Amino acid sequence: MTKTNQNIVPHLWYDKEAKEAAEFYASIFPASRITSVTPLDDTPSSDSHLVSFELWGQKFLSINAGPIFKFNPTVSFMVNFDPKRDKEAGEKINKVWSKLSEGGTVLMPLDKYSFSDKYGWIQDKYGLSWQLILTNPEGEERPTIMPSLMFVGDQYNKAEEAIHYYLSVFNNAKKGSITRYPQGMEPDKEGTIMFSDFILENQWLVAMDSARNHPFSFNEAISLTVYCDTQEEIDNYWNKLSAVPESEQCGWLKDKYGMSWQIVPREKEAMMSNGTPEQVARVIQATLKMKKLDLAELRKAYKG
C-alpha cells in the first residue's frame, strides 16, 4: 500500500485489546494491515503495546494502557462507500455493517435517511463508533475513512466555531462542505451544524452538533496525534491548542473544547520503531517526565 502523507493520525486507547482490535478491523476493511507492534516496557500499565495499523488508506495508532478511558460516540469514524469509485459499494457497506455489528450496539439502524440511501451508526464490540454511509456519487470525493467530532452538552453549537479555530491553528487547512439543521429537527436548533467536513494537514475531519441528551463528552480514549518535524512546530501547536494545563502530560494536551491531541516529533516514531529495547525504554522514561515534548532531550535519551 502506498504510504500516505498523513501528519494527523487518530490514536485509540484500549485497556488490553489494541492488537486484537486492530486485527479485527484489518479483517473487515479492504486494503488494511497492521504495520507495527512495539512492546512498551516499564510503563505504568504492564503488558503495554503500541500498535500501528492502516484501514483502507487511513493510518491509526493504538495503545494498551489500562482501563482508564472508554470510547464514546463523540468521536467516531465515518466510512464512505462511494458508488462512483466502487460498483460494489452497496454490497460492501452491508458486509462491513454485518461484521462490525458482531457483539456491537446499533446507534442508528442501517437504513435510508433524507441525506443518504443507506446510512447507519454502530458501536462495535470494543466500544468504538463507526458511521457507515453510501455517499452521493454527485458529491465531491472524500477519503474512505474520516474521524468525526460530535459537539454535545456544554460544547453543543460549537462545531462551527471549532472548525474555524482548527483552520486557524494549522497551516495546510481548508473548509469542505457544510449542512445545517433545518427547522423542525428539535432538539437541534435550526442553523447549527448537522454535518461539516474540513481538512487539516492532509487529514479530512468531520464535525457536527447534537443537542440530544448525551451522557458523555470528549475524552482521552481517542486523541489526534500531530507529527512535527521541528521543536518550533511542536511549540507552535502546543501554544495554540493547549487550554487545560492539568491535562498536559507526555506530549498530550486538551484544547478548549475538551478534545485531546498529542504533539509528537516525527523522529520519536522512528526512535520507537527502530531503537533497541534499551533505547526505546530510555525514550519512554524521558517522555514520562515531560509535559510538552523536548526533541533535544529525547535525542539525548535515545543516544544514551
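Mentor: Before we start, a polar contact is a pair of N or O atoms within 3.5 Å, where within protein one must be able to donate a hydrogen and the other to accept it, and residues adjacent in sequence count only if both atoms are side-chain atoms. This is a predicted model, in which local features need pLDDT of at least 70 and side-chain atom pairs count only at pLDDT 80 or more, while totals for chains, interfaces and linings use all residues. Residues are numbered from 1 along each chain as its sequence is written, and side-chain values use heavy atoms, with hydrogens and water left out.

Trainee: Okay, which side chain does Ser 76 join in a polar contact?

Mentor: The side chain of Ser 76 is joined to that of Gln 131 by a polar contact of 3.0 Å.

Trainee: And where is Ser 76, and is it buried or exposed?

Mentor: Ser 76 lies in strand S5 (strands are DSSP runs of E with at least two residues, helices are runs of H or I with at least four, and both are numbered from the N terminus). Ser 76 is buried at a relative accessible area of 1%, where buried means under 20%, exposed over 50% and partly exposed in between, using a 1.4 Å probe and protein chains only.

Trainee: What else is Ser 76 in contact with?

Mentor: Leaving aside neighbours within four places in sequence, its contacts (heavy atoms within 4.5 Å) include Trp 121, Trp 130, Met 146 and Pro 147. The C-alpha atoms of Ser 76 and Val 206 are separated by 9.4 Å, although these two residues are 130 residues apart along the chain.

Trainee: New topic: where is Asp 86, and what does its side chain reach?

Mentor: Asp 86 sits in the loop between strand S5 (75-81) and helix H2 (89-101), and its side chain reaches the backbone nitrogen of Glu 88 at 2.9 Å. Asp 86 is also buried, with a relative accessible area of 17%.

Trainee: What about H3, which of its residues are buried?

Mentor: Helix H3 spans residues 159-169, and its buried residues include Ala 162, Ile 163, Tyr 166 and Leu 167. The buried residues of H3 pack against several elements, among them strand S9 (145-151), helix H4 (231-241) and strand S15 (260-265).

Trainee: Who lives in S15?

Mentor: Ser 260 is one residue found in strand S15, and Ser 260 is buried with a relative accessible area of 1%. Beyond its neighbours within four places in sequence, Ser 260 is in contact with residues including Asn 219, Leu 224 and Trp 252.

Trainee: Zooming out, how many helices and strands are there?

Mentor: The protein chain has seven helices and 15 strands, and buried residues make up 53% of its 304 residues.
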